[in-house]
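Got your viewer open? Let's take a walk through the empty spaces and the packed parts of this structure, one selection at a time.

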Amino acid sequence: MPVLYVGHDWAETHHDVHIEDVAGTCLSKARVPEGVAGVGQFLDLIAEHDVDPAEVLIATETDRGLFVTALISAGFEVIALNPMATARYRERISNSGAKSDAGDAKTLASVARLDGHNHRRVLGDSGLVSAIKITARAHQSLVWGRNRQLNQVRSALREFYPAALEACPVLAHSDFLGVISAAPTPTTGRKLSLSQIKAAMRNGGRKRGFDMRAQQIQEVLRSDQLAAPTQVELAMGSLVEALMAVAVELTAQIQRIEAELATLFDAHGDAEIVRSIPGLGTKLGSRVLGEFGDADGRYADARARRNYAGTSPITRASGRSHVVLARHARNLRLADACYQWAFVTITASPGARIYYDEKRAKGDSHSKALRALSNRLVGILHGCLAHQVPYDEETAWAHRQNVAA
């Protein structure tokens with residue numbers, strides 16, 4: 001049972017701390033610096049009250065960072081609040097609109113004392129799953145960055161070189177990366193021989209099937225097309241060349257990160273179970289495992305895991321009004337991974353396909369049906385991890401009627 005309640009408001013260079021007892025009396029408050037010195041000063045403040053770290057409950061607005069990690073490692077109980085929730089709590093205490101770091105620390109201390117039982121404790125993940133999470137996020141960010149880069153290339157090509165998009169319509173494909181890098185203008189594209197096109201495709205990453213595809217690309221690049229003035233073509237070609245150089249390097253880094261991610265994921269004890277679930281390979285499985293974490297006891301049951309994932313809907317009911325809505329305040333990276341997971345699973349699992357079709361037959365949109373399926377899949381994942389057993393199609397879906405044997 002906590003006897004000290006601490007509010008922690010963090011900033012880039014300092015941390016505001018407010019400490020109070022069970023009666024809400026302020027015992028001390030301070031601003032400590034970031035780093036080892038700040039953690040030392042915080043521990044000194046707690047030591048003045050001669051309590052065990054397990055008897056201290058700390059409320060903060062982040063569940064990561066070196067300072068918070070140090071507090072968890074020291075044995076303190078920590079709860080993390082969404083800043084929007086902190087803002088609502090602040091309005092409960094005062095409606096003046098005033099805000100300060102010290103004031104937020106005091107608000108957080110009150111939240112820990114009065115409502116700490118309503119908030120989930122932050123538990124430390126293993127170093128391996130933390131590395132998986134960081135690497136999976138880096139991979140996803142690089143993919144998003146490459147997509148933005150290639151969209152810029154597409155926009156430029158549409159203005160003066162539409163034949164390139166006709167010849168290689170898939171932007172992130174190896175053919176596009178190789179051929180457009182080798183021929184960034186219509187003039188250079190028309191001059192490419194079959195051997196040069198094959199070499200460009202090989203440089204882009206294609207492994208086989210060169211002959212027919214190279215012939216198709218050459219025919220399109222040499223077809224009659226509207227032409228821009230020479231100076232415009234050269235200027236736009238220079239732009240495309242620069243953009244493609246960045247996109248090619250991003251692709252190389254994505255491949256490097258993918259290799260690292262596969263190595264890390266394979267080393268985790270839950271990787272085999274996660275991979276056994278339809279739709280979860282190395283990349284999606286790493287994202288899901290990394291975002292959920294592997295701390296024992298973090299999720300009391302499947303419902304808690306669904307709530308964290310944001311896949312479980314929320315209900316707004318008042319009088320005769322009753323509306324069920326999707327959650328918007330959630331881990332967006334995890335939500336994106338779960339949505340893609342559900343999309344892949346409808347072609348990989350008969351039970352998932354039937355579940356999706358049932359939702360669609362009831363009038364749900366494609367997105368709503370996928371959200372419902374992802375909610376179901378998160379529950380299945382929780383069961384597999386909780387019991388340390390691989391996925392079984394019959395066990396997962398046998399309770400539903402009309403599931404294929």
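## Stop one: a small hidden space

Start by selecting K133, A136, R137, Q140, R287, E291 and R333, which line the second largest cavity. Keep in mind as you look that this is a predicted model. The space inside this cavity comes to about 40 Å³. Color the selection by class and you'll get five charged residues, one polar and one nonpolar. Now show the helices: α5 and α13 each bring at least two residues to this lining, and α5 gives the most, with four.

## Stop two: the largest cavity

How many cavities of 30 Å³ or more turn up in the whole structure? The search finds two, so to speak your last stop and this one. For the largest cavity, select F160, Y161, P162, A163, P186, R190, L221, S223, Q225, L226 and A227. Its volume is about 70 Å³. Two helices, α6 (162-167) and α8 (186-191), are the elements that give two or more residues to its lining. Here the class coloring shows eight nonpolar residues, two polar and one charged.

## Stop three: the largest pocket

Next, pick D63, A80, R120, Y308 and N331. Of the 47 residues lining the largest pocket, these lie nearest its centre. To see more of the walls, show α2 (66-73), α3 (83-93), α5 (127-160), α13 (282-292), α14 (302-309) and α15 (332-345), the elements that each give two or more residues to the lining. The pocket holds about 1,900 Å³ of space. By class, its lining splits into 19 nonpolar, 15 polar and 13 charged residues.

## Stop four: the nonpolar cores

Time to leave the empty spaces. In soluble globular proteins, nonpolar side chains tend to be buried together. Select F292, W341, L373, L381 and W397: these have the most contacts inside the largest nonpolar core, which has 38 residues. Several helices give two or more residues to this core, among them α11 (230-267), α16 (350-361) and α17 (366-387). Which helix gives the most? That's α17, with 10 residues.

Zoom in on F292 and show what surrounds it. Setting aside neighbours within four places in sequence, F292 is in contact with R298, Y299, R305, Y308, A309, L334, V378 and L381. You've met Y308 already, as one of the residues nearest the centre of the largest pocket.

For a last selection, try V153, F176, V179 and V240. They are among the 31 residues of a second, separate core.

Notes:
Residues are numbered from 1 along each chain as its sequence is written. This is a predicted model: local features need pLDDT of at least 70, side-chain atom pairs count only at pLDDT 80 or more; totals for chains, interfaces and linings use all residues. Side-chain values use heavy atoms; hydrogens and water are left out. On a 1 Å grid over the protein atoms alone, a cavity is a set of points where a 1.4 Å probe fits but cannot get out, and a pocket is an open set with protein on both sides within 12 Å along at least five of seven lines; lining residues have an atom within 4 Å of a point. Grid points are joined across faces, edges and corners, and a volume is the space filled by probe spheres set on the points. Ala, Val, Leu, Ile, Met, Phe, Trp, Tyr, Cys and Pro count as nonpolar, Asp, Glu, Lys and Arg as charged, and the others, Gly among them, as polar. A nonpolar core is a set of buried Ala, Val, Leu, Ile, Met, Phe, Trp, Tyr and Cys residues joined through side-chain atoms within 4.5 Å. Buried means under 20% relative accessible area, exposed over 50%, partly exposed in between (1.4 Å probe, protein chains only). Contact means heavy atoms within 4.5 Å.
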